[in-house]
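Me: I am new to this structure and would like to understand the words used to describe it. Could we go through them one by one?

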Amino acid sequence: MVEAAARLGVSPRRVRSRIADGDLRARRVGGAWLVDEAQLGRSERLSRPMSERVAWAFLDLLDGGPGAGVSQPEQSRLRRKREELLGSGDQAAALLRSWLRRRAEVIAFSVAVADLEALRADARLAVSGVSDPRSGLSAASIVEGYVRDVDVPALAGEYLLSGKGNLNVIVHVVHDRPIANPLPLPVLLADLADHDSPRESAAVARLMRELP
């Protein structure tokens, strides 16, 4: 905990708060928290996240829809959020990362390199993030996409997905929600923002100009 706080430049109390909020992946071993090493380079969130329901309504609004699934007062608040996002400049990726992280459950798997292409082409997975051609990023060694929760067990069995080893598959799992293929552009933006790196943030800034 103390080491994680030092790496992140925050207090141990703030690390505990981020773990409780789901912002940092960690597991308890004995009396200590072990923070996922990959999370220690991630930047601080700018604000509290939207709920899953509101996050998808906001994504719909960004895609030119009405903000389906929420009340009119909530739609009004989301329209203000949209204006804030569009005027945020270099902060756009950070805002998306902060607001939308609860839109889906994220699971990292490893798969044999020889199976990457077959998994990428599987109709049950809608590619997104670094795997989406619209991102303009070359990520042949990674598969990222959305899968319905009911399809995860079958995919895991067929492709021998594992939670250990070289985690080269990023699965965004959605519950009780259809998956469009291709996914709406705002979903791609949110996925790229989650990578929290200069390359993906630059792609977010470029693709923001294509929003309706």
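Reply: This is a predicted model, in which local features need pLDDT of at least 70, side-chain atom pairs count only at pLDDT 80 or more, and totals for chains, interfaces and linings use all residues. Residues are numbered from 1 along each chain as its sequence is written, and side-chain values use heavy atoms, with hydrogens and water left out.

Me: In what order do the 4 strands of the open sheet lie, and how are they paired?

Reply: The order is 3-6-5-4, with mixed pairing; strands here are DSSP runs (E, at least two residues; helices are H or I, at least four), numbered from the N terminus.

Me: What makes strand 3 and strand 4 edge strands?

Reply: Strand 3 (105–109) and strand 4 (126–127) each pair on one side only, where pairing requires that DSSP finds at least two bridges between two strands. Strand 3 is joined to strand 6 (residues 169–174) by 5 bridges, and the two run antiparallel.

Me: Why is the pair of F58 and W99 called edge-to-face?

Reply: Rings of Phe, Tyr and Trp (its six-membered ring) pair if their centres lie within 6.5 Å, and planes under 30 degrees apart count as stacked, over 60 as edge-to-face and the rest as tilted. The ring centres of F58 and W99 are 5.6 Å apart and their planes stand at 85 degrees, so the pair is edge-to-face.

Me: Why is W56 called buried?

Reply: Buried means under 20% relative accessible area, exposed over 50%, and partly exposed in between (1.4 Å probe, protein chains only); W56 has 13%, and therefore counts as buried.
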